[in-house]
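Work through the exercises below with the sequence and the model open. Each task is followed by a solution in steps.

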Amino acid sequence: MDPISLKPFNSFHVEAYTSRLVHVHHEEELPGVLTAIADDPYLILGGGSNMLFVNNFPGWIVRMAIPGIQIEEDNEDFAIVSAGAGVVWHDLVQFALQHDLGGLENLSLIPGTVGAAPIQNIGAYGVEVADVFHRLRGYDCRDRQFHFFDKEGCHFGYRDSIFKRKLRTDFFITKVWFKLSKAPHALKLNYGSLNEALAKEGITHPTIRQVSEMVGKVRVSKLPDPSQIGNAGSFFKNPELPREAAVELLAHHPNLPNWPMPSGQIKVSAAWMIEQAGWKGKVVGNTGTYQHHALVLVNHGNATGNEIWEHAQRIIGSVEHQFGVRLEPEVNVIR
Ligand code: FAD
Ligand code: EPU
């Protein structure tokens, strides 16, 4: 069997090969796919925008391509909207804007698919998917049954959910339901750079469409477009530190941006530490960090997954040496 290139299927645009690639367009195909896979290794793929292939993948890539967006319930205050796992995330955001439904506008332009959104509880500009999540359905390959998960069952946290932990690799998300608001006062405008951008344009009472456009402007100014420069967004998570450790770190580095978390921990800015360690905009061979955002590792053209991973490890080492904080990848590193 000829090897299949995964370069078109990952936003870093690194070369890696697999022996089997199957596209799932309907959830009823999954039991048959799992039977065909038998005991071979497999990997679930959406848009490949949070993946780094360091090596070839010796097995099956199961690409979730289930389409369809629907309004399932509609009343005066809210609407329940469902979307197939393969729907492009921003297409869902645009659907919500077209129907004047609020809740997704801060999450505009996040690359990837609807099915992947609950996995790391995607978030941006003060909103996480958990804030609008209603329920999801998926197929568990252990008992070969479909199951529903409500919000509580997903154990959402910062860039975290049960699907990254207990159910990692076992659970194929096929469809997600969102509860979207019809109340204009539900806008979340507190995130620093969003707030500043709105103020700069003199917008005091924005519509959801204006919030979406402003988020788009802020994103374009900071994040590289994967169609131009290969990347996977933030490569690392912002570290969440116990309060005492954070207080001590902040005593030494008072300018380190930080955010208290509901858990009592304090989240600190990985980008700031990486920039202070001298990595922002640095080019190392075919890879490096983006000139406008230190948290984004980039492929300048012909980088291998291994080159990018080695660069990530240099950054981890240097930040740990300077700040005593160990960065953890947000990106799924496939080794
Ligand atoms: P993939 O990369 O294909 O997969 C990600 C993980 O989910 C893998 O573990 C995969 O196995 C699993 N998975 C995918 N689909 C399914 C499914 N249907 N069922 C079960 N498991 C599945 N993220 C943010 O949170 N906020 C941001 O602001 C943000 N900005 C970004 C900006 C850029 C330029 C880029 C390139 C990425 C950014 N990201 C951001 C990361 C990325 O967009 C998200 O992680 C997104 O949810 C990935 O979707 P995907 O479909 O590409 O998933
Ligand atoms: N900063 C620096 N140097 C930089 C970039 C940022 O010091 O090069 C500082 C800024 O001054 C700011 C702080 O870091 O005070 C936060 O920056 P930003 O608003 O860009 O947010 P972030 O914490 O770096 C997170 C998410 C992004 C998300 C933005 C907006 C993580 C790991 N990343 O980045 O998500 O878009 O907030 O909400 O939480 C992703 O997950 O892939 C991603 C892009």
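## Exercise 1: A pocket and its lining

The lining of the second largest pocket divides into 10 nonpolar, 5 polar and 6 charged residues. The model is a predicted one.

**Task.** Find which residues are closest to the centre of the second largest pocket, and which strand gives the largest share of its lining.

**Solution.**
1. The volume of the second largest pocket is about 380 Å³.
2. Its lining is made of 21 residues, and those closest to the centre are G102, G103, E105, S181 and A186.
3. Strand β12 (residues 171-181) supplies 3 residues, the largest share of the lining of this pocket.

## Exercise 2: Domains and cores

**Task.** State which domains the chain is assigned, and from which of them the largest nonpolar core draws at least three residues each.

**Solution.**
1. The domain assignment gives domain 1 (4-64), domain 2 (69-186) and domain 3 (230-334).
2. Between the C-alpha centres of domain 1 and domain 2 the distance is 22 Å. Their contact involves 13 residues of domain 1 and 17 residues of domain 2.
3. The largest nonpolar core counts 46 residues, and F53, F235 and F236 have the most contacts inside it.
4. Helix α8 (residues 305-323) contributes 7 residues to this core, the largest share.
5. Domain 1 (4-64) and domain 3 (230-334) each give the core at least three residues.
6. Another core, of 45 residues, lies apart from this one and includes A96, L97, A117 and V211.
7. As background, nonpolar side chains tend to be buried together in soluble globular proteins.

## Exercise 3: The surroundings of F236 and I274

**Task.** Is I274 buried or exposed, and which residues does I274 contact beyond four places in sequence?

**Solution.**
1. Locate I274 in helix α7 (residues 270-276).
2. I274 has a relative accessible area of 0%, and buried means under 20%, so I274 is buried.
3. Beyond four places in sequence, I274 contacts F236, W279, K280, A294, L295, I315, V319 and L327.
4. Now take F236: with neighbours within four places left aside, its contacts are I274, L295, L297, A312, I315, I316, L327, E328, P329 and E330.
5. For a distance across the model, compare I274 with F78: the two are 196 residues apart in sequence, and their C-alpha atoms are 42 Å apart in space.

## Exercise 4: A covered helix

**Task.** How many residues of helix α2 (residues 89-98) are buried, and what do the buried residues pack against?

**Solution.**
1. Of the 10 residues of α2, 7 are buried, and the helix is mostly covered.
2. The buried residues are W89, H90, L92, V93, F95, A96 and L97.
3. They pack against β6 (69-74), β7 (78-84), β12 and α5 (208-222).
4. After α2 comes D100, with a positive phi near 55°.

## Exercise 5: Two residues with positive phi

**Task.** What is the phi of L109, and what is the phi of R159? Are L109 and R159 buried or partly exposed?

**Solution.**
1. L109 is not a glycine, yet its phi is positive, about 65°.
2. L109 sits in the loop between α2 and β8 (123-124), and its relative accessibility of 41% makes L109 partly exposed.
3. R159, also a residue other than glycine, has a positive phi near 50°.
4. The loop between α3 (151-154) and β12 holds R159. With a relative accessible area of 14%, R159 is buried.

## Exercise 6: Two loop residues

**Task.** Where are S49 and D225, and what is the relative accessible area of S49 and of D225?

**Solution.**
1. S49 belongs to the loop between β3 (42-45) and β4 (51-53).
2. S49 has a relative accessible area of 18%; because buried means under 20%, S49 is classed as buried.
3. Not counting residues up to four places away in sequence, S49 touches S11, P111, G112 and A232.
4. D225 is in the loop between α5 and β13 (230-234). D225 is partly exposed, at a relative accessible area of 41%.
5. P111 also serves as a reference point for D225: the C-alpha atoms of D225 and P111 are 9.6 Å apart, with their positions 114 residues apart along the chain.

Terms used:
Residues numbered from 1 in each chain as written. Chains lettered and ligands numbered in written order. Predicted model: local features only at pLDDT ≥ 70, side-chain atom pairs only at ≥ 80, totals over all residues. Heavy atoms only, no water. Core = buried A, V, L, I, M, F, W, Y, C linked by side-chain atoms within 4.5 Å. Buried < 20%, exposed > 50% of the residue type's maximum accessible area, 1.4 Å probe, protein only. Helix = DSSP H or I, 4+ residues; strand = E, 2+ residues; numbered from the N terminus. Domains from an automatic or database assignment. Contact = heavy atoms within 4.5 Å. 1 Å grid on protein atoms, 1.4 Å probe; cavity = no way out; pocket = protein on both sides within 12 Å on 5 of 7 lines; lining within 4 Å. Points joined across faces, edges and corners; volume = space filled by probe spheres on them. Nonpolar A, V, L, I, M, F, W, Y, C, P; charged D, E, K, R; others polar.
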